[in-house]
Number of protein chains: 2
Amino acid sequence: MDETPTSTTILSAEDLREAWPVASSEDRVLGFSRLPPDEAQAFFLSLSAREQAELVLGIGANARRLWLRLLAPDDLADVIQQVELERRADLLALVDEPTRAETIGLLAYAEDAAGGLMNPRFARLRPEMTMDEAISYLRRQARRELETIYYVYVLDREQRLLGVVSFRELFAAPPDRTVHEVMSEEVVTVPEEMDQEDVARLIADHDLLAVPVVDAERRIRGIITVDDIVDVVEEEATEDIQKLGGMAALDLPYLDTSLPSLLKKRAGWLSVLFLGELLTASAMGRFEDEIARAVVLALFVPLIISSGGNSGSQAATLIIRAMALGEVRLRDWWRVMQREVFAGMALGTILATLGMIRLAVWQSLFDTYGEHWHLVAITVGLSLVGVVLWGTVSGSMLPFVIRRLGADPASASAPFIATLVDVSGLVIYFEVARTILGGTLL
Amino acid sequence: MDETPTSTTILSAEDLREAWPVASSEDRVLGFSRLPPDEAQAFFLSLSAREQAELVLGIGANARRLWLRLLAPDDLADVIQQVELERRADLLALVDEPTRAETIGLLAYAEDAAGGLMNPRFARLRPEMTMDEAISYLRRQARRELETIYYVYVLDREQRLLGVVSFRELFAAPPDRTVHEVMSEEVVTVPEEMDQEDVARLIADHDLLAVPVVDAERRIRGIITVDDIVDVVEEEATEDIQKLGGMAALDLPYLDTSLPSLLKKRAGWLSVLFLGELLTASAMGRFEDEIARAVVLALFVPLIISSGGNSGSQAATLIIRAMALGEVRLRDWWRVMQREVFAGMALGTILATLGMIRLAVWQSLFDTYGEHWHLVAITVGLSLVGVVLWGTVSGSMLPFVIRRLGADPASASAPFIATLVDVSGLVIYFEVARTILGGTLL
């Protein structure tokens, strides 16, 4: 996008997609207006709601109407949610009355609840229809903009859900059977207020293509389709990963996040961790006399505390992801504890062995650690077992505690665990040193 | 599952799902055989390929045939892949000849390539058919076990892909139009050997329900549907999260992973990190004299190195996830560098300010740091800016380096960055201390 294209330049969708991430808002609108009409539609639909909103606000009023009308009510609601409050009514005025009413209905739901994800247009049938009647009825419905029709829902006269027929079943059944005979009455449904993460879990676990959203009277309000769920699964994983990295989750892609907002998301947690880490200075201060008498002890401080932090971060990451996938539940804490106590002891012993070998080798080569080097080695070894065990157990249990308190276990990030383990690791190390080295070095 | 159910006990699918994660292999088979027949089928289909294999191997030969025949070739191939090589032929002998042939064809593909994900059964049409002919032709095809029919592919006589019609378009079009008139010729396709992560990216970005897999002659080999992609997206996120936690990715859910294999996945990386962290003992050793002269310096070692580790882990996590989502590409490295240099300086200044305030307050309350406390405060402050800047820049650049070398950027885990930054952080800290405190404390 180094030079402004002249008005005759035709861009390909490929070129535009290439330039997109680094293009300014104006360049995006300009590039989009240069697309051949048949590529523009697919390009527009492949954009995120935020990018669609950006484009729609940037182009002229006539084109704006055209592009907004391309969107199904659930997607339109997502776009509207990206726009400032005072401009929303203007945009809604551009679409036809039924779409407007449906979109306004959807805007009332929280963005991350089932109601905020669902599409109010779905294929419906009456139980008494035959297969032939059902298929020709669906052909008429399809003309009125059904987004997805791989499941067809069977409703009674009060719009209550009776059952479901997949398209395959509808097509495969003998033409004179009734819908009631073919449909399945075991329908997995979700309530309107269910969190999108739980909806995603349900759809993934049952390998569904769509799930109906029902109200308290089992009246169907809309359907959530699996293609929306792919986005949810990615979003939720991104949020978890960012929290695990020790920061608040970003709302936008990295390169689209402004520097001030990027700093805000990072500085908060970093400062909290820093304040926690300041306790290490106090903990070290309590052992200032020991350090003065045996400076050799200070040399292993980073090694000891980082080993605790690393083993804790492994354990926490494992448990947090297993919880997010529903593989580990609150009541499994005791099984996890047993495994992690064992794992912590084993891992601690491995690292202690490595550490003591290193000390012995350096001692024999360079005589680094003085006449009491074997006591120093034992101190380091025992401390490593203790610190790694403590890191592993607290790293695996903290997600349970946080979940039990009703917060997101992903907040037990690697940096958070590391900070927690650093302070206690120092205390473990110097207490072991006092016991082992008392009377000799100390 | 405390008591063995008697032969008359009927379990509900809900109960079984509840007990599933902690049940032994035998209990699972027993519980499954007690399900009412209508619930058993949905339950079986909702299991992972590994669990399906476990059940199928545990039940009698007659039932085994029944359950295997329930699976589409792509799902059957997944189950077969979970079974030891010598038992595979026996299982394949239980299904009908066409399914067996299709499954064997699929087994030739790598599990994580497009070919290994695809289903060879898809809905197909000829371009010259009318809508009415197409619909009744599809009704006949549906009877022969099409898994999914929301997109219908239009093929020429050599099975080459001409275009695609969605079910909605097929249904909505006037009955006498031909398929050729209604179909779209712009079909997004993937080659057989494409990595599943790239397929997932493509499907998510284009909001597709299915994508056809084609060979070099544009002959269609099968389709990949979005419901398989949900699993891929989750798997890939889990792998990344586990790597980010500083360990090798697990092959099984946490509670299903045996302790020895869990230890193996964790001990490897933990030992590598430990060996890296041993360098901190050498780095500290180089400054042993300085520590002996000014023990106060040792007190801030954990604070300084952990601040570098935390800021580096934030930066690395952000960039790794943005790369996985395709938001940041290799060539964006310079833009990222510019942002992160600025972010690092800003974050470093914030932490330095907090740290210096803390020193000043403690000094005025407890006179902790002696007469040269303001020089100590300046040392800590400057070191924090330097270490945080270095952590942020190296944390954000390392994923680019690793990606450039052809490896998975997720290996630049929080513990890995922390270890890297610890050693260099110590050098920065003590060099700053030498400069500032030379002539007074040192």
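**Exercise 1. The sheet S4-S5-S6 of chain B**

Task: Identify the bridge partner of Val213(B) in S6(B), and then describe the sheet in which S6(B) takes part.

Solution.
Step 1. In this predicted model, Val213(B) has Gly222(B) as its bridge partner in S6(B).
Step 2. Strand S5 of chain B covers residues 210-214 and pairs with S6(B) in the antiparallel sense, over 5 bridges.
Step 3. The open sheet of chain B has 3 strands in the order S4-S5-S6, and its pairing is mixed.
Step 4. Strand S4 (190-191) and strand S6 (220-225) of chain B are the edge strands, since each pairs on one side only.
Step 5. Helix H13 of chain B (residues 196-206) packs on this sheet and touches S4, S5 and S6 of chain B. The direction of H13 makes about 135° with that of S5(B).

**Exercise 2. The sheet S1-S2-S3 of chain B**

Task: Establish which strands of the sheet S1-S2-S3 of chain B are edge strands, and find the bridge partner of Tyr151(B) in S3(B).

Solution.
Step 1. This open sheet has 3 strands with mixed pairing, in the order S1-S2-S3.
Step 2. Strand S1 (124-125) and strand S3 (161-166) of chain B pair on one side only and are the edge strands.
Step 3. Strand S2 (residues 151-155) of chain B runs antiparallel to S3(B), and 5 bridges join them.
Step 4. Within S3(B), Tyr151(B) has Ser166(B) as its bridge partner.

**Exercise 3. Salt bridges**

Task: For the salt bridges Arg221(B)–Asp215(B), Arg100(B)–Glu97(B) and Glu431(A)–Arg286(A), state the N to O distance and classify each residue as buried, partly exposed or exposed.

Solution.
Step 1. A search of the whole structure yields 43 salt bridges over all chains.
Step 2. Arg221(B) and Asp215(B) meet at 3.6 Å, N to O. Arg221(B) is partly exposed because its relative accessibility is 38%, whereas Asp215(B), at 10%, counts as buried. In chain A, salt bridges with shared partners join Glu192(A), Asp215(A), Glu217(A), Arg219(A) and Arg221(A) into one network.
Step 3. Arg100(B) and Glu97(B) meet at 2.9 Å, N to O. They are 3 residues apart in helix H8 (residues 97-107) of chain B, so about one helical turn separates them. Both ends are partly exposed: Arg100(B) has a relative accessible area of 22%, and Glu97(B) one of 47%.
Step 4. In the pair Glu431(A) and Arg286(A), the closest N and O atoms are 3.9 Å apart. Glu431(A) belongs to helix H21 (residues 414-437) and Arg286(A) to helix H15 (residues 259-286) of chain A; the salt bridge therefore ties together parts 145 residues apart in sequence. Glu431(A) is partly exposed at 31%, and Arg286(A) is exposed at 54%.

**Exercise 4. The nonpolar cores**

Task: Name the residues that touch the most other members of the largest nonpolar core, and list contacts of Phe430(B).

Solution.
Step 1. The largest core holds 100 residues, of which Phe300(A), Phe430(A), Phe300(B) and Phe430(B) touch the most other members.
Step 2. Apart from neighbours within four places in sequence, Phe430(B) contacts Met284(B), Phe287(B), Ile291(B), Leu297(B) and Val301(B).
Step 3. A second, separate core has 67 residues, among them Val187(A), Ala114(B), Ile223(B) and Ile224(B).

**Exercise 5. The relation between the chains**

Task: Determine which kind of axis relates chain A to chain B.

Solution.
Step 1. Chain A is superposed on chain B by a rotation of 180° with 0.0 Å of shift along the axis (RMSD 0.1 Å).
Step 2. This is therefore the relation of a two-fold axis.
Step 3. Among the residues of chain A, Val230(A) comes closest to the rotation axis, with its C-alpha at 2.8 Å.
Step 4. The copies meet through the same surface, because 100% of the interface residues of chain A are also interface residues in chain B.

Definitions and conventions:
Residues numbered from 1 in each chain as written. Chains lettered and ligands numbered in written order. Predicted model: local features only at pLDDT ≥ 70, side-chain atom pairs only at ≥ 80, totals over all residues. Heavy atoms only, no water. Core = buried A, V, L, I, M, F, W, Y, C linked by side-chain atoms within 4.5 Å. Buried < 20%, exposed > 50% of the residue type's maximum accessible area, 1.4 Å probe, protein only. Contact = heavy atoms within 4.5 Å. Pairing = 2+ DSSP bridges. Helix = DSSP H or I, 4+ residues; strand = E, 2+ residues; numbered from the N terminus. Axes fitted to C-alpha atoms, helices over the stretch in contact; angles between N-to-C directions. Least-squares fit on C-alpha atoms with pLDDT ≥ 70 in both. Salt bridge = Lys/Arg side-chain N within 4 Å of Asp/Glu carboxyl O.
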